[in-house]
Amino acid sequence: MVSPILLIVVPLGLAFAVPLLERISKKLVGYVPVLAMAFNLVLSVVLLRRAVSEPIIVHTGSWQPPFSIHLVAGPLGLLLAALIALIGLGVAVYAMSTIREGATRLYHVLYILLLTGATGIVLTGDLFNLFVFFEILCISSYALVAYRGDRAGIESATKYLIQGAIGSSLALIGIGILYGMFGTLSMADIAQHIHSVAPFGLFMALALLITGFGVEAAIFPLNAWLPDAHSSAPSPISAILSGIAIKVGIYAVARIIFTLYGLETVFLFVAVLGLLTLLIGEMSAFSQNNIKRLLAYSSIGQVGLILFALGIASVTGVTGALFLVVSHGLAKSVLFLSVGVMITRTGSAEISSLDGMGKRMPLSALCFTIGAFSLIGLPPFVGFAAKFTVVRAVFEQTSTLFTVLIGVALLGTVVEAAYFFRIVQRLYFKPPPEGSLDHAGRGQEAPLSALIPIGILTVVIIVAGVYPGLFSSFLEPAATDLLDKAVYIRHVLGG
Amino acid sequence: MTFLYDYVHYAGCFALVLIGLYAVLVKTNLIKVIIGIGLIDTGVNLFLVTTGYIRAGTAPIFSEAAAQGETMVDPVPQALVLTAIVIGVSVLALALSLAIRLYRHYGTLDLRKIKELKW
């Protein structure tokens, strides 16, 4: 039996092997993240098939829970680990040809550490361990946002760091309060005894934890750092931050609300918060001129939709939320990567500089279009299946309030469609600027090593859209894993 | 008075956190903001240690006094604090190095003057 702990140990070991490998050959360095993520992808898919029936619990140091730090590799954790590895693999291949300047070796070390942190967060069953992995993710992403060292990068990294540091301190206070009350850090153990203490302390801890992890999850009042950080980072990092880092924050918030607390009174609050995030993100995205900032604001909008779907708190609702996590992760990384190659070609991130890209870089433009259509929710792409599940969940609820709320949420989707169609129209129906095409009327396509990962992720979007069963057979167990607190406790603590 | 006597450590920790938060929110010099983050870190670490503290307890090391167990402070928060201190140090180091780079680009550390990126 292969242990899920290898999902964390192997990338962590490879990350620190990078500087050693660099001494042997500089060319090898770029292959290390690819190797690490390929390993994680294979292992998490293999484990996921087993974990659907029975979660795999890993004890460290042969201590039984609740006394040890343990990993809980349930369907949800492994599904997200597989998603992280898939997107991480694509972006790592892309980065091999696009990240050439600066300290590339440090880039690769930090990149693997970021993904290790993300994998650790989704797999751990220990509250403090969650915090530690969270900090691994945060610190490496602060450094990676500043990787290019230009004015915008440094400024946004500083902003991100200050907000992130306060957020993590608040989360740590929350963890301290919980430890003070329960004397344990195991999430299952706390969840089991959650009703045995005074509600005031619990409420304090919940507020602090949601605020703390909400900074990374970009929940509405806490997301001022996101547009700057996502737009100033190098394109592969923007893709990872938008595709993975936010989702992991959402996972932490969802785990705390559903598994740790299981509070029904919070759900409506979460749904309304999500709706606010959605509307503000989409409205701000609509008025942007910089394509990367537009995509960053659109990420805020999508996070809002995911939160809203989580707030429905039925199995279908949470399935829809997780489906959105998968579809947005895929679509947003395709968008950021394809925009990345276009920006490298034109040297400008203004939307107007994308004119005629459909002729100049046909394949990248096609992938961008598919990603955008999937994000809007057009069939036959995966975004349609995801949004459809959310809408279905609302109508299963038969609550008037939620029907009104989903109406507002779909209004957000219309705004989203408006700005994405505007860009797609520029790509295909505007003439390319003079001198950008050669004599035969063709442009110069992006390098093959950048196109292949974009293409593969696009193919996944289409395949999963045509055949949603590819994901949905894992999504439902994952949703139950998140919602069914009693089963989670029984699996971890036994009995 | 007994209330104060029992909870004075907590009051101290949260006072530190609040002073740090004040510095982060109000000060316009980046170095002072970073000092504020450092203060928050320290406050949180103190809070963690305090949660495991027993009055007149000994260190959680295997020794004569600790053999009874009742007079030993809780070792888990101390382990947590060690980790949290390391994390805090690395965040502060990164923050300071970013501050150096920021100064090179803008020639100032006044946060009111460094705002090219907006909503």
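This is a short talk on the fold of chain A and its contact with chain B.

A caveat to start: the model is predicted.

Chain A first. Its secondary structure comes to 20 helices and 2 strands. The radius of gyration of chain A is 22 Å, and the globule rule gives 23 Å for 495 residues, so chain A is as compact as a globular protein of that length. Along the principal axes, the C-alpha atoms of chain A fill a box of roughly 75 × 60 × 40 Å. Of the 495 residues in chain A, 62% are buried. As for contacts in chain A between residues at least 6 apart in sequence, 80% of them join residues at least 24 apart.

Next, the interior. The largest nonpolar core has 224 residues. Which of them touch the most other members? They are A118(A), I121(A), L137(A), Y142(A), I250(A), I306(A) and A309(A).

I will stay with Y142(A) for a moment. Setting aside neighbours within four places in sequence, Y142(A) is in contact with A157(A), Y160(A), L161(A) and G164(A), and also with L94(B). That last residue belongs to chain B, which brings me to the interface.

Here 26 residues of chain B are in contact with 28 residues of chain A. On the side of chain B that touches chain A, α2 (30–51) and α3 (75–106) each supply at least two residues. The largest share comes from α3(B), with 13 residues. By type, the residues on this side of chain B divide into 19 nonpolar, 4 polar and 3 charged.

That is all I have on this model.

Notes. Residues are numbered from 1 along each chain as its sequence is written. Chains are lettered from A and ligands numbered from 1 in the order in which they are written. This is a predicted model: local features need pLDDT of at least 70, side-chain atom pairs count only at pLDDT 80 or more; totals for chains, interfaces and linings use all residues. Two residues are in contact if their C-beta atoms, placed from the backbone, lie within 7 Å. Helices (H or I, at least four residues) and strands (E, at least two) are DSSP runs, numbered from the N terminus. Ala, Val, Leu, Ile, Met, Phe, Trp, Tyr, Cys and Pro count as nonpolar, Asp, Glu, Lys and Arg as charged, and the others, Gly among them, as polar. A nonpolar core is a set of buried Ala, Val, Leu, Ile, Met, Phe, Trp, Tyr and Cys residues joined through C-beta atoms within 7 Å. A residue is buried if 20 or more other C-beta atoms lie within 10 Å of its own, exposed if 12 or fewer, and partly exposed in between; C-beta atoms are placed from the backbone. The radius of gyration is taken over C-alpha atoms; the globule rule is 2.2 Å times the number of residues to the power 0.38.
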